[in-house]
Amino acid sequence: MTATAKAPADLHALSQNVDAEIISINQRVPTGHVAYLVMVLCIVYTSFHVGVMNLYPLETWTYRLLHVGGGLALGFLLFSGSSLPASGAARAPALLQRTYLLLLAPGAVAILLAFAQALLFWITGKGVDQAAAKTAMEWSFSLPLAGGTIWVLLLGWVFPLRDRRRIDLADVLLAIAAVTVAMYIIFHAPFLRLRAGTALAKQADMYAAIAGVILILELTRRLAGLALVIIASIFILYSFVGPWLPGVLQHRGYSASRFFTYVYTDQGILGPTTAISSTYIILFVTFAAFLQASRVGEYFVNFAFAAAGGSRGGPAKVAVLGSGLMGMINGTSAGNVVATGSLTIPLMKRVGYKPQTAAAVEAAASSGGQILPPIMGAGAFIMSEITAIAYRDIVIAAIIPAVLYFMSVYFMVDLAAQKHGMKGLPRDELPKFGKLARQVYLFIPIFILIGALFMGYSVIRAGTLAMAAATVVSWLTPYRMGPRAILYALEIAAKMSLQLVAVCAAAGIIVGVIALTGVGTRFSSLLLGLAGQSQAMALFFAMVVAIILGMGMPTTAAYAVAASVIAPGLVQMGIPMLTAHFFIFYFAVMSAITPPVALAAYAGAAIAQSDPMRTSVESFKIGLAAFVVPFMFFSSPAMLMQGTWVEITHVFVSAAFGIFLLSSMVQGWFFGALSWPLRIVLLVAALGMIDGGWLTDAIGIGAGLLVWALQKRLLTPSRISRGAD
């Protein structure tokens, strides 16, 4: 059987993980009663969120704490602290195991003592009077919680787990510590809110917050790598060394008590980033899980194969369409590359694309999914939360830039296919378009989502209706979603959301430091000073900062941090808030395909077995339009649907033609092979069309026609053929 014929089965296997694929090397596969317990906890975690959002709203502070605490506990149970073999175990010698348990005992006693104290608070409904029993509180709760957490964490690093079928005792204790932190802060919420970040903060508050911060950073390390952990740690250190720093970085410094009690409030960890992850992100991750469990998501990719798989360079066009659609829902560029690229990259190589090009196309398409309305990988919701701009306005503004980006990637792969004489996949190996067309009703969940949003329903209600629609339409297919499939969807939704829970909480630490120290305002002033009165120069600096912050960080965290640091300065310079935030968001997204640290490109390179650096450069070239389009927001507000229909239509048509010319220049093919002098002329034409003015449009059209005429006159078919070779 051909690779393509097996596509549906392969895709179904891939759909088991999606986001978790990128970190599945550390995911445990517990067996027996432990497996059932973990499954139940995952189902309860997702069901709790869906229930609270739709049926029984909780007080915001409590809800966010349960979201973070529950996510941390599940994360430690599901993901180990070190890489694991694919299966089986390499059990440690008995003496080493006994030594490990003996050393772990003090930490276990300390954490369980703190947990018992927090549980006592919860059951009795009253805590210890810390002023009257300060020493007792420190020895029974504060020091055991923080000290035990640190001790167990260090032992987990020294004695890594060696059996992926078992949950290490150290990680069980870390999960208990996470629950303890949440229980304590929830119980003391009224007090902590009043005294957080002040001299009234108590020792128990500080130690609970310290333990919470450590647990967040550790789970972020496991699920998202060291980059975000290092950046967050630098910001934490900055809070204490401020008095000794020069110039704009200097501040008065803060005590440990004030800092940690401040950062573990709605000014930091429990602030906007966690607000988004606990509502919109987990809602749409659950929606994506329902699409997987119902195999409706598989239909999207099969439809793309049927529609474009047989055309020249067909698998690459499938990657553009399918990965863009799934990336819109998915929310992580690298995770989407692994999930869909495992299917599309080998097929692209089969029809003639170089390995690095195949990986680059998938990386560019998957990253672009996060700028595709209406979900935008949760970016639209974060932007709405930060700017207070209506979600619908943000989605409408995103339409033209997203269309231009995907047109650009499509032009790139099509021109490359023309240049190298590529063919599509044989029609007999592809899904039958007629059969899939009769199942077009499987797009109903997406239509309901978009329709509900534009009819004025809340985002939460629209997402819930879309989930229900995915369940109902599955009843018209052989893969009916019954109770077991629904529970399975809730289970994988929890696993898929844990990375974003940790990342958003870690980003909240950075946001809290920025708010506490005021470095964001001072950085904005520095940006204004460097740029002078030039808004274009300020945007250039903003681009550089957004890309640097995004390297190695998930988009959600990169945008949240960049928006806190850069956006106020851009707005202060007179750039509209929507334009400023869209600008920052686009470059935070595109950092995933920007050398030298391009996570999405590296994920694709691993599948294609290509050189990671060359792949990142190739993905940068393919996604080049995304580095041009944001500057168009600034020069042409109509690009964000701000203007008359005549202005909007003019900007879109001229920019689309400019994008085609830019793609032709990059690929060196414009109705035939291009020499370098003609490519330079075409670049001038492309930039003229992209600018959006009538005069520059005329120049661009004229230059494009000139290149076409020169080709028709000077290039014979034999030369074109040699150029293609």
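This report describes the helices, the nonpolar core and a few loop residues of a predicted model.

Residues are numbered from 1 along each chain as its sequence is written. In this predicted model, local features need pLDDT of at least 70, side-chain atom pairs count only at pLDDT 80 or more, and totals for chains, interfaces and linings use all residues, while side-chain values use heavy atoms, with hydrogens and water left out.

**Overall make-up**

The protein chain has 33 helices and 0 strands. Helices (H or I, at least four residues) and strands (E, at least two) are DSSP runs, numbered from the N terminus. Of the 725 residues in the chain, 59% count as buried. Buried means under 20% relative accessible area, exposed over 50%, and partly exposed in between (1.4 Å probe, protein chains only). Contact means heavy atoms within 4.5 Å. Among contacts between residues at least 6 apart in sequence, 79% join residues at least 24 apart.

**The core**

A nonpolar core is a set of buried Ala, Val, Leu, Ile, Met, Phe, Trp, Tyr and Cys residues joined through side-chain atoms within 4.5 Å. The largest one holds 254 residues, and Y264, Y353, L570 and F582 touch the most other members. Helix α21 (residues 483-517) gives this core its largest share, 21 residues. Setting aside residues up to four places away in sequence, L570 touches L527, A538, L539, A542, I575, A580 and I584.

**A helix pair**

F582 also takes part in the contact of α26 with α29. The axes of α26 (residues 577-590) and α29 (residues 625-635) come within 9 Å and cross at roughly 175°. Therefore α26 is roughly antiparallel to α29 (angles over 145 degrees count as such). Axes are lines fitted to C-alpha atoms, for helices over the stretch in contact, and angles run from 0 to 180 degrees between N-to-C directions. From α26 come T579, F582, F583, Y586, F587 and M590; they meet A626, F627, P630, F631, F633 and F634 in α29.

**Three loop residues**

| Residue | Loop between | Relative accessible area |
|---|---|---|
| R295 | α11 (272-293) and α12 (296-308) | 16%, buried |
| A388 | α16 (379-387) and α17 (391-419) | 70%, exposed |
| S610 | α27 (599-608) and α28 (612-622) | 15%, buried |

R295 is not a glycine, yet its phi is positive, near 65°. For A388, also not a glycine, phi is near 65°. The side chains of S610 and T615 share a polar contact of 2.7 Å. A polar contact is a pair of N or O atoms within 3.5 Å; within protein, one must be able to donate a hydrogen and the other to accept it, and residues adjacent in sequence count only if both atoms are side-chain atoms.

Conventions. Parallel < 35°, antiparallel > 145°, perpendicular 65-115°, else oblique.
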